[in-house]
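Colleague: Could you take me through one part of this model in some detail? I'd like to zoom in on a single pocket and then see what else there is of that kind.

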Amino acid sequence: MLLKIENLYGGYGGDDVIKDVSLTASPGEIVCLVGPNGCGKTTLFRLILGSLKPTRGAILMDGKDTLALCAKDTANLAAYIPQHHTPIFNYTALDIVLMGRSAQIPALETPRQADYDAAYAAIDALNIKIPPNRKYTSLSGGERQMILIARAVCQGARMLIMDEPCANLDWANQHRLMEHIVSLAEKNYTVIMSTHNPQHPLSIGSKAVLLQNGQVAALGKPSDVITGQIMEQIYGVSMDVIKVKDRNGAERTICLVI
């Protein structure tokens, strides 16, 4: 599912936070938004998902202008995976995944067998070993994130928008989650994720979008646009971007604050 953003402006109370942003995301791509707090990553997501309306420019999902889409139509095209999620009630893991079917379940009706089948299929597709009847609030951060991704897959949308999916996860869980994100891209999902860690786009990204003050400071292949000069410009601290070889001889790119 193709996303195309053209000369986009938008924000809050008449003030544009996002200014003249243009980018595309294609099926099978992992597009990583990188930038400091307040640079506009979350605002851009809200514009894409329709909770904010652009003041100028256009957002096209699968060739459809998002301004012409209702909430149900948008949900059929794009699924959102939040950074944090704390439910009010003590839902099970399966309940949370089933919530992805809300756009398909008629009002005042309960989930049907087809909805349960879709939920179990999403759990199986991500190889999640969590018992479906386990309470969501008892899960670790990494387990919760996997259940939220399963909810998005269950929703049936082909574009996944992830708001800092690795926030507050340890290194091992970050690595496991990155592997799952890659597997989703290999299944032809369009993945757009924000991150504070430049290693994420350097490791798995197809494209990096570096944001500064709501504008695109650089866009392209991560190894081309994540440079010491641009990172210093965006974050305001001295940084080096260097290449090293790991124990297997594979070349890696890492960022260092100096």
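What volume does the second largest pocket have?

Modeller: About 320 Å³. Bear in mind that this is a predicted model, where local features need pLDDT of at least 70, side-chain atom pairs count only at pLDDT 80 or more, and totals for chains, interfaces and linings use all residues. Numbering runs from 1 along each chain as its sequence is written, and side-chain values use heavy atoms, with hydrogens and water left out.

The second largest pocket (an open set of points on a 1 Å grid over the protein atoms alone, where a 1.4 Å probe fits, with protein on both sides within 12 Å along at least five of seven lines) is lined by 19 residues, those with an atom within 4 Å of a point. Closest to its centre sit Ala-75, Ala-78, Ala-79, Tyr-80 and Gln-155. Two or more lining residues come from each of α2 (71-77), β6 (78-81) and α5 (141-155); these are DSSP runs, helices being H or I with at least four residues and strands E with at least two. By class, you get 11 nonpolar, 6 polar and 2 charged residues in this lining.

Now for the largest pocket, which holds about 580 Å³ of space. His-175, Gln-199, His-200, Ser-203 and Arg-252 are the closest to its centre among 16 lining residues. Here α6 (171-186), α7 (199-204) and β12 (251-257) each chip in at least two. This lining splits into 5 nonpolar, 7 polar and 4 charged residues.

Notes
Grid points are joined across faces, edges and corners, and a volume is the space filled by probe spheres set on the points. Ala, Val, Leu, Ile, Met, Phe, Trp, Tyr, Cys and Pro count as nonpolar, Asp, Glu, Lys and Arg as charged, and the others, Gly among them, as polar.
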